[in-house]
Number of protein chains: 2
Amino acid sequence: MSHMAYACLMAVDPDHVLRSAAALLTRKSTATMDEVAKAAGISRATLHRHFAGRDALVRALETLCIAECKAALDAARLDEGTASEAVRRLVGAAEPAAGLLAFLYTENQLFEGEEQNAGWSLIDDRISALFRRGQLSGEFRIDLTPAWLTEALYGLIASGAWMVRSGKGAPKDFQHMIVELLLGGALRREES
Amino acid sequence: MSHMAYACLMAVDPDHVLRSAAALLTRKSTATMDEVAKAAGISRATLHRHFAGRDALVRALETLCIAECKAALDAARLDEGTASEAVRRLVGAAEPAAGLLAFLYTENQLFEGEEQNAGWSLIDDRISALFRRGQLSGEFRIDLTPAWLTEALYGLIASGAWMVRSGKGAPKDFQHMIVELLLGGALRREES
DNA sequence: CCCGCATGAGACATTCATGTCTCATATGGC
DNA sequence: GCCATATGAGACATGAATGTCTCATGCGGG
């Protein structure tokens, strides 16, 4: 039942399982392995055959999210055009990963351990470099550090995902909400 | 040890327990009741006498946080001066509660239930009203809804608390980081 | 001085998620 | 058509955190 994606194959598609898990955990972050399995349309035993445990599952989701973020970074072509345009493209490209990002953002278990996935540093660095580029070009103010702008971007993406998920905001406004606030701020600008 | 508030009394100070729990859970959100008790310098049995369970403890922390937020709202005198100044005062006044706020922000268990503490709506309303006042006075742009600005403020406070806690930002920059980004944005302004 | 009461320590049962196992089944390739 | 293999279903053990209990202790008030 469930899906026809593997109608002619017995093997479970691990990617499909990950997507289902992401969609479920985004809504209910405390879901058990049983619920994750049901959401993916497989048995708990099979789920456990593919992912050794909940920890491994979350790690796999982390890897998936890192890959999606990297893809978003690539798709956004951060080096082209003004830094503002690049930020706008980045937020737009990151929207599909926003829910998963918000989930992992609150999964502080990932950061309490001794080692965290090195992939995040690479992503942080690329985003920080973008903000630094904007500062060097005189486009961005320099009293806000690139590290803070990066962290704030994460926070705003998580808040935006939360707004959309709770129905208090429309998905079509996601990019505009975040980019306008992050770049322009709440103050009304004189120069229209 | 710890406090002298009840040096001559046997009774445990529930407020002191809550403060300790907040300080611990802010650092390690997965701490057990045992760890919370040890952090407060009491036994698990006594902790359980005051707070029926972990759920009750989190609810009490929620109530405490709501009270602190209300106090911050009052102290910020949102109706006085420009909306910008009020926002600045609000963020400054909210800093002591930022850590606890960030913890509760990630405690999605609070929002998955059927009912959430009504206190939050009151706080949301007051903050939204502040942003709306700024919009009506022409101070804030109107293409960003008060609801989004409110949500973004929560997100930025959480991100700021995380920056400070991880050592990537100085506590003295907390207010400036958040207010400048929330109001002014990352773009450099022409009019200095 | 003695009683009351809150606490600390610890034992104990319970619950829940997890991890592991076996076995029957159905599919797909050969 | 047969066999290898992956799956589903379920039983089972495990571990951790929780909730509840009893009992001894120690301080403070009367």
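Buried area is the accessible area that two parts lose on being put together, summed over both. In this predicted model, chain A and chain B bury about 4,000 Å² between them. Of this area, 59% lies on carbon and sulfur atoms. On the side of chain A, the residues that lose the most area to chain B are R141(A), W148(A) and L187(A), which together account for 18% of what that side buries.

**The extent of the interface**

The contact involves 43 residues of chain A and 43 residues of chain B. The table gathers the counts that describe how the two chains meet.

| Item | Value |
|---|---|
| Residues of chain A in contact with chain B | 43 residues |
| Salt bridges across the interface of chain A and chain B | four salt bridges |
| Residue pairs in polar contact between chain A and chain B | 21 residue pairs |

Several helices of chain A take part. Each of α5 (83-106), α6 (109-112), α8 (146-165) and α9 (174-184) supplies at least two residues of the side that touches chain B. The largest share comes from α8(A), with eleven residues. Sorted by class, the side of chain A that touches chain B consists of 18 nonpolar, twelve polar and 13 charged residues.

Charged residues also pair across the interface. One of the salt bridges joins K168(A) to E151(B), and the closest N and O atoms of this pair are 3.8 Å apart. This distance satisfies the rule because a salt bridge requires a side-chain nitrogen of Lys or Arg within 4 Å of a carboxyl oxygen of Asp or Glu.

**A residue that touches both chains**

S29(B) is placed in the loop between α1 (14-27) and α2 (33-40) of chain B. Is S29(B) buried or exposed? S29(B) has a relative accessible area of 10% and is therefore buried, the cut-off being under 20%. Leaving aside residues up to four places away in sequence, S29(B) touches R54(B) and F103(B) in chain B, and N108(A) and E112(A) in chain A.

**The relation between the copies**

How are the two chains arranged with respect to each other? Chain A is superposed on chain B by a rotation of 180° with 0.0 Å of shift along its axis, and the RMSD is 0.1 Å. The two copies are therefore related as by a two-fold rotation axis. In chain A, the C-alpha nearest this axis belongs to G185(A), at 1.9 Å from it. Both copies use the same surface, since 100% of the contact residues of chain A recur in chain B.

Note on methods. Residues are numbered from 1 along each chain as its sequence is written. Chains are lettered from A and ligands numbered from 1 in the order in which they are written. This is a predicted model: local features need pLDDT of at least 70, side-chain atom pairs count only at pLDDT 80 or more; totals for chains, interfaces and linings use all residues. Side-chain values use heavy atoms; hydrogens and water are left out. Contact means heavy atoms within 4.5 Å. Buried area is the accessible area (1.4 Å probe) that two parts lose on being put together, summed over both. A polar contact is a pair of N or O atoms within 3.5 Å; within protein, one must be able to donate a hydrogen and the other to accept it, and residues adjacent in sequence count only if both atoms are side-chain atoms. Helices (H or I, at least four residues) and strands (E, at least two) are DSSP runs, numbered from the N terminus. Ala, Val, Leu, Ile, Met, Phe, Trp, Tyr, Cys and Pro count as nonpolar, Asp, Glu, Lys and Arg as charged, and the others, Gly among them, as polar. Buried means under 20% relative accessible area, exposed over 50%, partly exposed in between (1.4 Å probe, protein chains only). Copies are superposed by least squares on the C-alpha atoms of residues with pLDDT of at least 70 in both.
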